[in-house]
Amino acid sequence: MTFLSPEEVLAVLKAAREHATRDWAMILLAYRHGLRASEVCGLKFADIDLKAGSISIRRLKGSMATVQPLYPHRGQPLLDEMSALRAWLRERESDGSDYLFTSQKGGKLDRTQFFRLFQTVAESAGLPPEKRHPHVLKHSLASHLVAGNVNLALIRQALGHRSINSTMQYVGTSDCQAAEAAQAALMALY
């Protein structure tokens with residue numbers, strides 16, 4: 001499974017922000033909420049509540065709909081969802097569309113357009129070809145949460161998985177990791 005390192009995520013977000021505010025906001029939301037290309041393109045104004053700081057996500061492929069917080073990020077401005085969305089909404093031209101992210105011609109941005117946009121941004125960020133597809137963002141979020149020892153039930157909820165089996169595909173452990181965890185648990189008990 002292909003995923004980005006935290007440094008690669010920041011490189012992509014930096015390249016996206018330099019390319020266009022819309023691209024930065026889209027890629028940041030896709031990463032931060034584990035969105036598929038179709039899901040990020042399907043976001044509507046009504047799905048975003050900046051006052052409450054939340055996003056309603058209607059996931060596809062049988063996944064759960066979720067309402068998640070939108071977070072500012074004081075330590076790393078590239079990860080500040082509130083700032084990215086506010087900047088995009090200031091720039092976004094009113095075209096009568098209720099979609100949050102619109103194409104240059106107006107109206108809903110198609111997932112293939114988002115795919116091409118991500119490829120362009122990923123290339124300018126220096127990513128290798130195998131990491132230049134937007135689904136790598138969802139894989140990256142899951143991998144980063146697993147690496148941060150976040151509870152699998154919480155990762156499942158964050159990604160909108162109905163089945164924990166879908167979440168388990170991100171968990172890979174070695175014999176050494178398992179032995180160290182067992183030893184640490186036993187040492188804490190005794």
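This report walks through the sheet, the nonpolar core, the charged pairs and a few local details of one chain.

The model is a predicted one, so treat every distance and angle below as computed from that prediction.

**The sheet**

Let's start with the strands. Three of them make an open sheet in the order E1-E2-E3, and the pairing is antiparallel. Strand E1 (48–49) and strand E3 (66–69) sit at the edges, each pairing on one side only. E1 and strand E2 (residues 54–57) are held in antiparallel register by two bridges, and in that pairing aspartate 49 stands opposite serine 54 of E2. The hairpin made by E1 and E2 has four residues between its strands, and glycine 53 adopts a positive phi there, near 70°. On the other side of E2, four bridges join this strand to E3, again running antiparallel. There, isoleucine 55 has glutamine 68 in E3 as its bridge partner.

**The core**

The largest nonpolar core holds 44 residues, and the members that touch the most others are Ile27, Leu29, Val40, Leu43, Leu100, Phe101 and Phe114. Plenty of elements chip in: helix H1 (6–19), helix H2 (21–33), helix H3 (37–41), E2, helix H4 (81–91), helix H5 (111–124), helix H6 (135–147) and H7 each supply at least two residues. Which element gives the most to this core? That would be H2, with eight residues.

**Charged pairs**

Side chains of opposite charge can pair when their charged atoms come close. A search of the whole structure turns up nine salt bridges. Three of the pairs are set out here, with the N to O distance and the relative accessible area of each partner.

| Pair | N to O distance | Relative accessible area |
|---|---|---|
| Aspartate 23 and arginine 22 | 3.0 Å | aspartate 23: 0%; arginine 22: 12% |
| Lysine 44 and aspartate 98 | 3.8 Å | lysine 44: 26%; aspartate 98: 40% |
| Aspartate 95 and arginine 92 | 3.3 Å | aspartate 95: 33%; arginine 92: 12% |

Take the pair of aspartate 23 and arginine 22, which form a salt bridge. Buried or exposed, what is aspartate 23? Aspartate 23 is buried, because its relative accessible area is 0%. Arginine 22 counts as buried too, at 12%.

The salt bridge between lysine 44 and aspartate 98 links distant parts of the chain: lysine 44 is in the loop between H3 and E1, aspartate 98 is in the loop between H4 and H5, and the two are 54 residues apart. Lysine 44 is partly exposed at 26% relative accessibility, and aspartate 98 is partly exposed at 40%.

The salt bridge of aspartate 95 and arginine 92 is a mixed case: aspartate 95 counts as partly exposed, while arginine 92 is buried. Why does arginine 92 count as buried? Its relative accessible area is 12%, and buried means under 20%.

Beyond these pairs there is also a network of salt bridges, which links Arg36, Glu39 and Arg59.

**Histidine 144**

Helix H6 carries histidine 144, a residue that counts as buried because its relative accessibility is 18%. Which groups does this side chain meet? One is the backbone oxygen of leucine 4, reached at 2.6 Å. Another is the side chain of tyrosine 31, joined to histidine 144 by a polar contact of 2.8 Å.

**Around H7 and on to H9**

Next comes helix H7 (residues 152–159). At its start, asparagine 151 puts a side-chain oxygen within 2.7 Å of the backbone nitrogen of alanine 153. After H7 comes glycine 160, with a positive phi near 75°.

Further along, Ile164, Met168 and Val171 make a nonpolar surface patch of about 210 Å². Where is valine 171 found? It is in the loop between helix H8 (164–168) and helix H9 (175–189). Valine 171 counts as partly exposed because its relative accessible area is 31%, and patches take residues with over 30%.

Terms used
Residues are numbered from 1 along each chain as its sequence is written. This is a predicted model: local features need pLDDT of at least 70, side-chain atom pairs count only at pLDDT 80 or more; totals for chains, interfaces and linings use all residues. Side-chain values use heavy atoms; hydrogens and water are left out. A polar contact is a pair of N or O atoms within 3.5 Å; within protein, one must be able to donate a hydrogen and the other to accept it, and residues adjacent in sequence count only if both atoms are side-chain atoms. Patches are made of residues with over 30% relative accessible area and no salt bridge: like charges are joined within 9 Å, nonpolar side chains (Val, Leu, Ile, Met, Phe, Trp, Tyr) within 5 Å. Accessible areas come from the Shrake-Rupley method with a 1.4 Å probe; for residues, only the protein chains shown count as cover. A salt bridge is a side-chain nitrogen of Lys or Arg within 4 Å of a carboxyl oxygen of Asp or Glu. Buried means under 20% relative accessible area, exposed over 50%, partly exposed in between (1.4 Å probe, protein chains only). Two strands pair if DSSP finds at least two bridges between them. A nonpolar core is a set of buried Ala, Val, Leu, Ile, Met, Phe, Trp, Tyr and Cys residues joined through side-chain atoms within 4.5 Å.
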